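Biologist: I am new to this structure and would like to learn how its features are read. Could you take me through them in turn?

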Amino acid sequence: MLNEFKNHITTNFNNLKENSFLLACSGGIDSVVLAHLCNNLNLNFALAHCNFNLRGDESDFDEQFVRELASLFNKDIYVTSFNTKAYMKEHKTSLQIAARELRYNWFSQVMKENHINTLVTAHHADDSIETFLINLSRGTGIEGLTGIPEKTATISRPLLVFSREQITAYAKGNHLQWREDKSNSETKYLRNNIRHTIVPNLKELHPTFLANFLQTQKYLSDSFKIVTKEIERLKTILFIEKDSFISIEIEKLQALEPLKTYLFYLFQPYGFTHALAISELMHAMSGKELHSSTHRLLKDREYLLLQEITEIVSDVYFIKEGTKEIENPIKLKIEQVTAITDTSKAIIYVSKEALNFPLTVRKWKTGDYFHPFGMKGVKKLSKFYKDEKYSLIDKEEQWLLCSNDQIVWVIGKRADNRFKISNKTKQIVKISVQHD
């Protein structure tokens with residue numbers, strides 16, 4: 001196995017020969033074999049061990065074992081200890097998810113602090129089978145069946161081409177020592193149940209099951225690459241970038257077939273995984289919306305609007321008399337001038353005598369109206385927005401400058417006649433939007 005591993009590293013993981021890396025070591029057979037293999041090839045690495053404090057003294061014995069292994073190899077070692085049960089309770093998550101989040105967050109911290117670019121883990125071919133079956137049982141798209149990736153931007157898994165049997169044979173053949181976690185034999189956990197009952201039966205069905213399975217996963221992975229390229233191509237056509245959101249024409253979405261599959265892959269990166277709900281939103285009334293943990297998807301007439309969910313800002317901001325500039329919610333400069341000079345939609349000139357301080361900056365509300373500059377009479381703000389072809393998100397994001405709750409300026413769009421400069425004006429106030 002050592003020669004196979006050496007050739008595999010040379011062919012597929014040359015980065016591990018050229019740069020130092022962090023090797024995650026639990027003390028179990030997989031990570032111990034990986035550490036021995038890397039050490040035998042004189043690779044430059046440090047060990048990292050997490051003590052989850054879940055098995056009493058056994059957890060401490062695991063830690064001590066890995067410390068001794070690092071000493072044997074004359075390698076640096078990083079060790080941390082977690083109160084895993086407290087983390088589970090605080091974050092309301094399962095043991096497996098808690099342990100995963102804790103260790104990978106810590107690995108990232110160690111790598112950042114020590115300028116290490118790559119984490120190496122001991123996942124092997126049987127792990128990939130187990131992950132495939134878990135995802136298959138829960139329901140998944142193609143990506144859930146492609147297995148554990150050999151490489152990401154920061155993680156390398158050089159044992160993925162080797163089976164559990166090969167790893168065990170190497171460990172026993174070289175008289176290696178390792179730590180046994182008794183919980184790995186408990187079938188109450190889904191992965192362990194699959195490992196100890198289902199996978200052995202599958203291997204009995206065909207002598208080359210593992211090799212066939214890995215080849216099938218390779219085909220699935222290649223197919224998913226094709227799907228990904230097609231989805232990215234479609235996004236360049238369908239997803240139109242606006243200032244703070246993405247606009248997608250519903251008619252063009254409806255032309256895709258099979259629709260629900262396209263909807264899943266187009267919107268899954270934004271946290272929307274229920275294609276049926278997206279399909280129903282396309283036929284819903286304007287104003288209906290869906291939410292993921294990171295984004296909102298809003299029906300607006302013939303469009304779906306996709307927007308990242310951001311922190312909610314205050315409803316109303318105040319501008320005291322004498323204020324020269326504000327930063328939030330929009331950058332405005334307020335100055336007293338003697339004449340009207342430069343003009344644009346980003347600037348208004350108003351009569352100070354018509355203003356009542358403090359001024360306010362707020363969003364629109366039902367019933368708002370104003371006297372558009374250059375026009376006679378009154379216009380409802382909702383009608384103005386419609387005429388200006390505002391989307392629902394545009395309406396939500398438009399700020400209004402008000403005096404005594406009367407609209408002075410639809411900021412950046414239209415001023416109000418009631419505050420314009422006249423023959424009676426004694427003091428002129430210039431208000432302008434400042435761009436970064």
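Modeller: Let us begin with a strand, where strands (E, at least two residues) and helices (H or I, at least four) are DSSP runs numbered from the N terminus. Buried means under 20% relative accessible area, exposed over 50% and partly exposed in between, with a 1.4 Å probe and protein chains only. In β2, 7 of the 7 residues are buried, so this strand is largely enclosed by the rest of the structure.

Biologist: Which residues of β2 are buried on one side and which on the other?

Modeller: Phe-45, Leu-47, His-49 and Asn-51 are buried on one side, while Ala-46, Ala-48 and Cys-50 are buried on the other, and both faces of β2 are thereby covered. Before we go on, note that this is a predicted model, in which local features need pLDDT of at least 70 and side-chain atom pairs count only at pLDDT 80 or more, whereas totals for chains, interfaces and linings use all residues. Residues are numbered from 1 along each chain as its sequence is written, and side-chain values use heavy atoms, with hydrogens and water left out.

Biologist: In what order do the strands of the open sheet lie?

Modeller: Two strands pair if DSSP finds at least two bridges between them. Here the open sheet has 5 strands in the order β3-β2-β1-β4-β5, with parallel pairing, and its edge strands, β3 (77-81) and β5 (155-156), each pair on one side only. Strand β1 (residues 21-24) runs parallel to β2 (residues 45-51) and is joined to it by 4 bridges, with Ala-24 standing opposite Ala-48 in β2.

Biologist: Which strands does helix α3 touch as it packs on the sheet?

Modeller: Contact means heavy atoms within 4.5 Å, and for directions one fits axes as lines to C-alpha atoms, for helices over the stretch in contact, with angles from 0 to 180 degrees between N-to-C directions. Helix α3 (residues 29-40) touches β1, β2 and β4 (119-120), and its direction makes about 150° with that of β1. Helix α4 (residues 57-73) also packs on the sheet, touching β2 and β3, at about 170° to the direction of β2.

Biologist: At what angle do helices α7 and α9 pack?

Modeller: Angles under 35 degrees count as roughly parallel, over 145 as roughly antiparallel, 65 to 115 as roughly perpendicular and the rest as oblique. Helix α7 (residues 125-138) and helix α9 (residues 190-205) pack at about 105°, with their axes 10 Å apart, which makes α7 roughly perpendicular to α9. Among the residues that meet are Ile-129, Leu-133 and Arg-138 in α7 and Ile-194, Ile-198 and Leu-202 in α9.

Biologist: How many disulfides are there by the distance rule?

Modeller: A disulfide is a covalent bond between the sulfur atoms of two cysteines, and the rule asks for a pair of cysteine sulfur atoms within 2.5 Å. The count comes to 0 disulfides. The sulfur of Cys-25 is 11 Å from the closest cysteine sulfur, in Cys-38, and that is too far for a bond; Cys-25 itself counts as buried, at 2% relative accessibility.

Biologist: What can be read from the hairpin of β18 and β19?

Modeller: Strand β18 (residues 400-403) and β19 run antiparallel and are joined by 4 bridges, with Leu-401 opposite Trp-409 in β19. The hairpin has 2 residues between the strands, and Asn-404 takes a positive phi near 55°. Strand β19 (residues 406-410) is mostly covered, with 4 of its 5 residues buried.
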